[in-house]
Amino acid sequence: ELVEKNEAVEIARQSLSLKARELEVTSQYKSAFLANMSHELRTPLNSVLILAKLLADNKLNNLTTKQIEYANVIYKSGNDLLELINDILDLAKIEAGHIDLHQEPVPVKTILRDLTQLFTVVAEEKKVQLITTIHESVPAEIVTDRLRVEQILKNLLSNAFKFTPAGGHITLNFSIEPHSPLLTRAELRQEKSLLTISVADTGIGIPVDKQQLIFEAFQQVDGSTSRKYGGTGLGLSISRELIKRLGGEITLQSEEDRGSTFTIWLPLSGWHSKETPQESLQE
Ligand code: ADP
């Protein structure tokens, strides 16, 4: 009887691993399809953009005001579409494991300087104050992929500015923390302390029932076509995937009408993925 039971368990195990392999292959096909499609879409779109810009700038000197206005709309919509395509391509590549990380010692001050340079003008325009702080416990350098970390923080800061009305403030804070019960990644719990970078805003906040959902691709709190805020709903899923690849995690604390704090947790001395690399994607 025991032998029979063992056999049954073995069969179940094999069929499960077959299913897992099937799923993996399907997901690879999906990513490859998205990557190829994005490439095919970008080429003709670039021609549309170049010519629309030519008309919008009235380079031919014979257009009416209305025609210039329409050319501007074509140019702006084309750019929105290009941004969407780039985001989809980025997410597909990250999900397929097809991104190279360049982890090296990075001065924390460099990351902070790059971001302040980018967002000072936005802060002035939106009349929202940007405060930056580095806790004294943070080492001068961390090992990570600077461009990817900046990409994640740009996403978080753009959202913070988008969803915070004039008069509010946004705080970008670097700190060192022991691991928190909010973290689910077992490997992170083995680190003694972690670098945290948080983006806190005094904006509209996120309802509790949407706080998990918004990390999924294309999900927004207001999913209606008449929504007030633009965007693709891809920024947070791209950020979450990138953070995973960097060995970290992202957590969110938010209250409606009070504001949101997104925190990224990163190992201080870089990360070398233990996942098996998947087949490469054509770009
Ligand atoms: P996008 O900003 O392009 O819509 P994201 O994936 O970056 O895409 O964000 C998904 C959704 O999460 C947003 O549309 C918004 O509903 C919500 N969200 C993200 N950041 C904030 C924030 N700081 N305050 C309020 N809502 C936010």
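**Figure 1. Confidence of the predicted model along the chain.** In this predicted model, the chain has an average pLDDT of 89, and 95% of the residues reach a score of at least 70. Among the elements of the chain, strand S7, covering residues 259–266, has the highest mean pLDDT, at 97. The lowest mean, 82, belongs to helix H5, which spans residues 186–189. Over residues 275–283 the pLDDT is below 50; in the model this stretch nevertheless has 20 contacts beyond near neighbours in sequence. The scores for the model are ipTM 0.98 and pTM 0.82.

**Figure 2. Secondary structure and dimensions of the chain.** Six helices and seven strands make up the secondary structure of the chain. From the start of the sequence to its end, these elements follow the pattern α-α-β-α-β-β-α-β-α-β-α-β-β. Along the principal axes, the C-alpha atoms fill a box of roughly 90 × 50 × 40 Å.

**Figure 3. The loop between helices H1 and H2.** Helix H1 comprises residues 2–56 and helix H2 residues 65–95. The loop between these two helices contains Asn58, and Asn61 is placed in the loop between H1 and H2 as well. Most residues other than glycine have a negative phi. For Asn58, however, phi is positive, with a value near 50°. Asn61 likewise has a positive phi, in this case near 60°.

**Figure 4. The ligand in its pocket.** The site occupied by the ligand is the largest pocket. Around the ligand there are 20 residues, of which Asn159, Asp201, Gln220, Thr232 and Leu236 come nearest. Three elements each supply at least two residues of the shell around the ligand: helix H4 (146–162), helix H6 (235–245) and strand S7. The greatest contribution to this shell is that of H4, with three residues.

**Figure 5. Polar contacts of the ligand.** Three side chains are shown with their distances to ligand atoms. Asn159 places a polar side-chain atom 2.8 Å from an oxygen atom of the ligand. For Asp201, a polar side-chain atom lies 2.8 Å from a ligand nitrogen atom. In the side chain of Gln220, an N or O atom is 2.5 Å from an oxygen atom of the ligand. On its own, the ligand has 540 Å² of accessible area, and the protein covers 95% of this area.

Notes. Residues numbered from 1 in each chain as written. Predicted model: local features only at pLDDT ≥ 70, side-chain atom pairs only at ≥ 80, totals over all residues. Heavy atoms only, no water. pLDDT = per-residue confidence, 0-100. Helix = DSSP H or I, 4+ residues; strand = E, 2+ residues; numbered from the N terminus. Contact = heavy atoms within 4.5 Å. Near = heavy atom within 4 Å. Polar contact = N/O pair within 3.5 Å; in protein donor to acceptor, adjacent residues only side chain to side chain. Areas by Shrake-Rupley, 256 points an atom, 1.4 Å probe, with all protein chains shown as cover. 1 Å grid on protein atoms, 1.4 Å probe; cavity = no way out; pocket = protein on both sides within 12 Å on 5 of 7 lines; lining within 4 Å. Sits in = over half its atoms within 2 Å of the grid points.
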